[in-house]
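Visitor: Hi, I'm new to this one and could use a quick tour. Can we just chat through it?
Guide: Sure, let's bring it up and you can ask whatever you like.

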Amino acid sequence: MSVTASAYTSPSGAFADALGALRRQDPEIADVLLGEARRQADSLQLSAAENFTSAAVLAALASPLANKYAEGYPGARHHGGCEMADAAERVAVSRASALFGAAHANVQPHSGSSAVLAAYAALLRPGDTVLALGLPHGGHLTHGAPVNFSGRWFDFVGYGVDPATGLIDHDQVRTLARTHHPKAVVCGSIAYPRHIDHAAFREIADEVGAYLIADEAHPMGLVAGGAAPSPVPYADIVCATTHKVLRGPRGGMVLCGDELAGRVDRAVFPFSQGGAQMHVIAGKAVAFGEAATPAFASYARRVVANARVLAGALAAEGLDITTGGTDTHLIGADPAPLGMDGRAARARLAAAGMVLDTCVLPRGARRGLRLGTAAVTTQGMREDEMRAIASLLGAALTGDERRVRAVRGEVRDLAGVFPPYTS
Ligand SMILES: *Cc1c(COP(=O)(O)O)cnc(C)c1O
């Protein structure tokens, strides 16, 4: 399972060849793919959920494993010809288990949401009560949104963050657990910039006899690199994506102990999914191999160091930083002191070539901005670039139209120095 510290050697060779063939057959879609490659390279990807996966992962995604049907699990498939598919999945599973110190890994979930669905399916029945971070405080759609299967099929009770500090209020979590006796407690968020206190959640879950599900979709790459605490010793089930800080292909995974392994596997297939996407599973194996290298550990540390510098520099530009900083790749920022809400700010920043998301804020119904440093750190940017980004962002938010256009040019110049894929 030795893997070189995979540099970002160019897909441009392979990508260029593939694109050439595609262009001859389908110029319309070839233009779309080229346009997207250019967009990613000449603007700043500050969305906290995105990253640049390696050329090696992209190669796995573009491989003929994409053609293979492989319902079931290695050694027990519902289709013939699964020798190589089995090999890919066995490698992915053993790398994931070793990387995270988990007894069991299921690498088949098609997405982070599918991983959460599988966790619920393994532990709950429709109508069960679940305690999770409320959506207005940073819970994910799968944490009880009325428009999502979770809100339709389970009875969600939401805990919140302290409006003054933005931090999870564990006393409130405990009180709600005692009052509602949930079957499961979920920790994890789309917007929380601090480490989750898994031990505190474990204690609360134990007190009321609930399962603990950790939805680590965001920080799992930091966990892999040793830059965030692991939920594995505490949670009954850990769900994650493989494409956020972890930098693999789009997809999900589930980790658990031996006792729940069979239930988790059946919850993924055949309960909630059909054939696994074997090319993606091969890509996950590649990403787990990369994430086990010292180079990835230093990447994870840099992601956090960059986020801390960026958060401080954004505060100096006048934005109000959620919880006053960050422990992770993720930053919440309220642009209200600059006289606008998150939506207006996101639009201005998009015009300036800075791509990010809006998000909930600890106080009130207003939306703020959510940024992350996973992608720009993969590009090789360091503290100086974080300060430059903060000042460009401040200029785009406060400048007139001419200034925003000038910032767009400066963003293009900065991004040009750090191409995500070099040739
Ligand atoms: C991103 C995310 C998910 C869902 O991942 P998808 O791959 O988009 O389905 C689930 N939970 C949390 C906390 C997330 O941040």
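Visitor: Where does T323 lie?
Guide: T323 sits in the loop between β11 and β12. Keep in mind that this is a predicted model.

Visitor: OK. What is phi like at T323?
Guide: T323 isn't a glycine, yet its phi is positive, about 60°. Most residues other than glycine have a negative phi.

Visitor: And why does T323 count as partly exposed?
Guide: Because T323 has 18 C-beta neighbours inside 10 Å, and partly exposed means fewer than the 20 needed for buried but more than 12.

Visitor: Which other residue, not a glycine, has a positive phi, near 45°?
Guide: That's H181. You'll find H181 in the loop between α7 (170–180) and β7 (184–187). H181 counts as partly exposed too, because it has 13 C-beta neighbours inside 10 Å.

Visitor: Back to those strands. In what order do the four strands of the open sheet come?
Guide: The order is β11-β12-β15-β14, and the pairing is antiparallel. The edge strands, β11 (320–321) and β14 (357–360), each pair on one side only.

Visitor: How many bridges join β11 to β12?
Guide: Two, and those strands run antiparallel. One partnership to look for is I321 with A333 in β12.

Visitor: What's the bridge partner of A333 in β15?
Guide: L369. β12 and β15 pair over four bridges, in the antiparallel sense.

Visitor: And how many bridges link β14 and β15?
Guide: Four here too, with β14 pairing antiparallel to β15 (residues 367–372). D357 has R370 as its bridge partner in β15.

Visitor: Which helices pack on the sheet?
Guide: Helix α12 (residues 294–316) does, touching β11, β12 (330–334) and β15. The direction of α12 makes about 10° with that of β12. Helix α13 (residues 342–351) packs on the sheet as well, touching β14 and β15. The direction of α13 makes about 45° with that of β15.

Visitor: Is β12 mostly covered or mostly open?
Guide: Mostly covered: five of its five residues are buried.

Visitor: Which way do the residues of β12 point?
Guide: L330, G332 and D334 point one way, while I331 and A333 point the other way. In a regular strand the side chains alternate between the two faces of the sheet.

Visitor: New topic: the ligand. How many residues surround it?
Guide: There are 15, and the closest are S111, G112, S113, H140 and A217.

Visitor: Which helix gives the most to that shell?
Guide: Helix α5 (residues 112–123), with three residues.

Visitor: How do the shell residues divide into nonpolar, polar and charged?
Guide: Four are nonpolar, ten are polar and one is charged.

Visitor: What does UniProt list for K244?
Guide: The unreviewed entry lists K244 for "modified residue: N6-(pyridoxal phosphate)lysine". In the model, K244 lies in the loop between β9 (237–241) and β10 (252–256).

Visitor: Is K244 buried or exposed?
Guide: Buried, because K244 has 27 other C-beta atoms within 10 Å, and 20 or more is enough for that label. Leaving aside neighbours within four places in sequence, K244 is in contact with A49, N51, A217, H218, G221 and A374. You've met A217 already, since that residue is one of the closest to the ligand.

Visitor: What domain does the record give?
Guide: The unreviewed UniProt entry has "domain: Serine hydroxymethyltransferase-like" over residues 23–392. Over residues 23–392 the chain is 44% helix and 15% strand. The end C-alpha atoms of that stretch are 36 Å apart.

Visitor: Which peptide bond is cis?
Guide: The one from F269 to P270, with omega near 10°. P270 is in helix α10 (residues 258–272). Most peptide bonds are trans.

Visitor: Last one: where is E290 found?
Guide: In helix α11 (residues 278–291). E290 counts as buried because it has 24 C-beta neighbours inside 10 Å. Its C-alpha atom is separated by 34 Å from that of D26, 264 residues apart along the chain.

Note on methods. Residues are numbered from 1 along each chain as its sequence is written. This is a predicted model: local features need pLDDT of at least 70, side-chain atom pairs count only at pLDDT 80 or more; totals for chains, interfaces and linings use all residues. Two strands pair if DSSP finds at least two bridges between them. Two residues are in contact if their C-beta atoms, placed from the backbone, lie within 7 Å. Axes are lines fitted to C-alpha atoms, for helices over the stretch in contact, and angles run from 0 to 180 degrees between N-to-C directions. A residue is near a molecule or strand if its C-beta atom, placed from the backbone, lies within 6 Å of it. Ala, Val, Leu, Ile, Met, Phe, Trp, Tyr, Cys and Pro count as nonpolar, Asp, Glu, Lys and Arg as charged, and the others, Gly among them, as polar. UniProt positions are given in the numbering used here, feature names are shortened, and annotations may be inferred rather than shown by experiment.
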